[in-house]
Amino acid sequence: MAIAIKLDDLLHDRRMTLTELADRIGMALANLSILKTGKARAIRFSTLDAICEALSCQPGDILRFESSKQNASDRQRRANEAQAGPAERESNKEILK
């Protein structure tokens, strides 16, 4: 998906847990978790409004557009990592450090 959710970063910056946010906006923790992990396919404006109100932020602080080229390269990298053996994965981690 071309839209990435940066809710985890905002929660960390605000020193707030997902449970606290769920309580503040009156949303089920499970549904908020789906949003946070990027598995949600849509978000209601009322939900976005409530999150922005609770976190004192703008919608652009939560949502980020990622180009389809970047998404394709990320998917390819993950596929390559999934096919790699454990020793090769460890080697790649060392290279990225």
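A nonpolar core is a set of buried Ala, Val, Leu, Ile, Met, Phe, Trp, Tyr and Cys residues joined through side-chain atoms within 4.5 Å. With that in hand, we can walk through this predicted model from its core outwards.

## The core and the chain around it

In this chain, the largest such core has 18 residues. Those with the most contacts inside it are Leu7, Leu11, Leu21, Leu32, Ile51, Leu55 and Ile62. Helix 1 (7-13), helix 2 (18-25), helix 3 (29-36) and helix 4 (45-55) each supply at least two residues of the core. Helix 4 gives the most, with 5 residues.

The chain as a whole holds 7 helices and 2 strands. Read from the N terminus, the order of elements is β-α-α-α-α-α-β-α-α. Of the 97 residues, 24% are buried. The accessible surface comes to about 7,100 Å², and carbon and sulfur atoms own 51% of that area. As for how the chain meets itself, take the contacts with a separation of 6 or more: 61% of them join residues 24 or more positions apart.

## Helix 2, seen from both sides

Helix 2 is a good place to look closely. Its buried residues are Leu18, Leu21, Ala22 and Ile25. Viewed down the axis of helix 2, these buried residues fall within an arc of 100°, so they line one face of the helix. On the face turned away from that buried side sit the exposed residues Asp23 and Arg24.

What lies over the buried residues of helix 2? The cover includes helix 1, helix 3 and helix 4. Leu21 lets us follow this residue by residue: leaving aside residues up to four places away in sequence, Leu21 touches Leu7, Leu11, Met16, Leu32, Ala54 and Leu55. Leu7, Leu11, Leu32 and Leu55 also appear, along with Leu21, among the residues with the most contacts inside the core. After helix 2 comes Gly26, with a positive phi near 70°.

## Helix 4, the main contributor

Now to helix 4, which gives the most residues to the core. Here Thr47, Leu48, Ile51, Cys52, Ala54 and Leu55 are buried. Down the axis of helix 4, the buried residues fall within an arc of 165°, so they too line one face. The other side of helix 4 carries Phe45, Ser46, Asp49 and Glu53, which are exposed.

The cover over the buried residues of helix 4 includes helix 1, helix 2, helix 3, helix 5 (59-62) and strand 2. Helix 2 and helix 4 thus appear in each other's cover. Following helix 4 is Ser56, whose phi is positive, near 50°.

## Two salt bridges

How many salt bridges does the model contain? The count comes to 2, and the table sets them side by side.

| Pair | N to O distance | Relative accessible area of each residue |
|---|---|---|
| Asp8 and Lys36 | 3.6 Å | Asp8 43%, Lys36 28% |
| Arg64 and Glu66 | 2.5 Å | Arg64 36%, Glu66 13% |

Let us take the pair of Asp8 and Lys36 to begin with. Asp8 lies in helix 1 and Lys36 in helix 3, so their salt bridge ties together parts that are 28 residues apart in sequence. Asp8 is partly exposed, and Lys36 is partly exposed as well.

The other pair joins Arg64 and Glu66. Is Glu66 buried or exposed? Buried means under 20% relative accessible area, and Glu66, at 13%, counts as buried. Its partner Arg64 is partly exposed. Glu66 sits in the loop between strand 2 (63-65) and helix 6 (68-83). The side chains of Glu66 and Arg64 also make a polar contact, at 2.5 Å.

## A glance at helix 5

One more spot is worth a visit. Gly60 has its place in helix 5, an element that is also part of the cover over the buried residues of helix 4. With a relative accessibility of 48%, Gly60 counts as partly exposed. How far apart are the C-alpha atoms of Gly60 and Ile5? They are separated by 9.7 Å, while the two residues are 55 residues apart along the chain.

Key
Residues are numbered from 1 along each chain as its sequence is written. This is a predicted model: local features need pLDDT of at least 70, side-chain atom pairs count only at pLDDT 80 or more; totals for chains, interfaces and linings use all residues. Side-chain values use heavy atoms; hydrogens and water are left out. Helices (H or I, at least four residues) and strands (E, at least two) are DSSP runs, numbered from the N terminus. Buried means under 20% relative accessible area, exposed over 50%, partly exposed in between (1.4 Å probe, protein chains only). Contact means heavy atoms within 4.5 Å. Accessible areas come from the Shrake-Rupley method with a 1.4 Å probe; for residues, only the protein chains shown count as cover. The arc is that of the directions from the helix axis to the C-beta atoms. A salt bridge is a side-chain nitrogen of Lys or Arg within 4 Å of a carboxyl oxygen of Asp or Glu. A polar contact is a pair of N or O atoms within 3.5 Å; within protein, one must be able to donate a hydrogen and the other to accept it, and residues adjacent in sequence count only if both atoms are side-chain atoms.
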